[in-house]
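Open the model in your viewer and keep the sequence panel beside it. The stops below say what to select and what is found there.

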Amino acid sequence: MELNKILPLLVDGTLETLYMTIVSTLCAYVLGIPIGVLLYSTDKKSITSCKPVNAVLGLIVNMVRSVPFIILLVAILPLTRLIVGTSIGSTASIVPLVIAAAPFVGRMVESSLKEVDNGVIEAAQAMGSSPFQIIYKVLLPEAAPSMIVGATITITTILGYSAMAGFVGGGGLGAVAINYGYYRYQTDIMLVTVVLLVVIVQIFQWIGMKTAAKKDKRVID
């Protein structure tokens, strides 16, 4: 394929991939942070321990996480149509991406919160802080560097999922690789899309690590 024809496809595919990845990550964190906080706070020996809530929520999270993304993508097509009015295109792909990523984010947030030193929590409790104040003013700020690292992992995972969405008309670089590289046996297009995906991952990784280092009070320049 001529350069003047493939270049617009690659540019559009890159922009669609960035759109799907960034919007899906933001939406996944809007849902995932409360899930992670609830998983942490209801765990045994936590600030508001509630075993039944923790068990049910943990089961739901694990069930969603155990479903391969490509199967989830197809299984929720009716829900996708209901929410956005279509099951194809980059916007439609955001729905399964968020559903797949939110439980993953929840576990990442829970893990980050568990890394916070218990001494900090005990000090806040000794000063009479409520559970909400401990979560909002102590746990989340203290866990911020770890959560940013987790966000970097999450955004690269979602980027990989977005490429899979190309199999069912999801748009982005995945669709370009499949429709032009795989189905038309154009290996050069396939390789270019792979290189672009690797570059995007490296950029997100660099931004995430730099941001986490700036937020981490333990890091001394």
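A residue is called buried here when its relative accessible area is under 20%, exposed when that area is over 50%, and partly exposed in between. With that in hand, select helix 8, residues 172-182: nine of its 11 residues are buried, which leaves the helix mostly covered. The buried residues are Gly172, Leu173, Gly174, Ala175, Val176, Ala177, Ile178, Tyr180 and Gly181. Bear in mind throughout that this is a predicted model.

**The whole chain**

Zoom out and show the chain as a cartoon. It has nine helices and zero strands, so the pattern along the sequence reads α-α-α-α-α-α-α-α-α. The C-alpha trace spans about 70 × 45 × 25 Å along its principal axes. Of the 221 residues, 42% count as buried.

**From helix 8 to helix 1**

Return to Val176, one of the buried residues of helix 8, and add Leu10 to the selection. Leu10 is found in helix 1. Is Leu10 buried or exposed? Its relative accessible area is 11%, so Leu10 is buried. In sequence, Leu10 and Val176 are 166 residues apart, yet their C-alpha atoms are 7.3 Å apart in space.

**Helix 5 and its neighbours**

Next, select helix 5, residues 90-114, together with helix 4, residues 77-84. These two helices pack at an angle of about 120°, and their axes are 9 Å apart. Helix 4 and helix 5 are therefore oblique to each other. Their crossing is right-handed.

Now hide helix 4 and show helix 2, residues 51-66. Which way does helix 2 pass helix 5? The crossing is left-handed. The axes of helix 2 and helix 5 come within 9 Å and cross at roughly 130°. That angle makes helix 2 oblique to helix 5.

While helix 2 is on screen, pick Ile60, which lies in it. Ile60 has a relative accessibility of 46%, so it counts as partly exposed. Add Pro103 and draw a C-alpha to C-alpha distance: Ile60 and Pro103 are 8.5 Å apart in space and 43 residues apart in sequence.

**The salt bridges**

Show the side chains of Asp43, Arg107, Glu110 and Lys114. Side chains of opposite charge can pair when their charged atoms come close. How many salt bridges does a search of the whole structure find? The search finds three. Asp43, Arg107, Glu110 and Lys114 are linked in a network of salt bridges.

Start with Arg107 and Glu110, whose closest N and O atoms are 2.8 Å apart in a salt bridge. Both residues lie in helix 5, three residues apart, which is about one turn of the helix. Arg107 has a relative accessible area of 21% and is partly exposed, while Glu110 is buried at 7%.

Move along to Lys114. Lys114 forms a salt bridge with Glu110, with the closest N and O atoms 3.4 Å apart. This pair also lies in helix 5, four residues apart, again about one turn. An α-helix has 3.6 residues a turn, so residues three or four places apart point the same way. Lys114 counts as partly exposed because its relative accessibility is 45%.

The remaining stop in the network is Asp43. The side chains of Asp43 and Lys114 meet in a salt bridge, 3.4 Å from N to O. This pair links distant parts of the chain: Asp43 is in the loop between helix 1 (3-41) and helix 2, Lys114 is in helix 5, and the two are 71 residues apart.

**A nonpolar patch**

Finally, switch to a surface view and colour Val67, Ile70, Ile71, Met164, Phe167, Tyr182 and Tyr183. Together these residues make a nonpolar surface patch of about 680 Å². Where does Ile71 lie? Ile71 lies in helix 3, residues 69-75. Tyr182, another member of the patch, falls within residues 172-182, the span of helix 8.

Key. Residues numbered from 1 in each chain as written. Predicted model: local features only at pLDDT ≥ 70, side-chain atom pairs only at ≥ 80, totals over all residues. Heavy atoms only, no water. Patch = residues over 30% accessible without salt bridge, like charges linked within 9 Å, V, L, I, M, F, W, Y side chains within 5 Å. Areas by Shrake-Rupley, 256 points an atom, 1.4 Å probe, with all protein chains shown as cover. Salt bridge = Lys/Arg side-chain N within 4 Å of Asp/Glu carboxyl O. Buried < 20%, exposed > 50% of the residue type's maximum accessible area, 1.4 Å probe, protein only. Axes fitted to C-alpha atoms, helices over the stretch in contact; angles between N-to-C directions. Parallel < 35°, antiparallel > 145°, perpendicular 65-115°, else oblique. Left-handed = near helix turned anticlockwise from the far one by under 90°.
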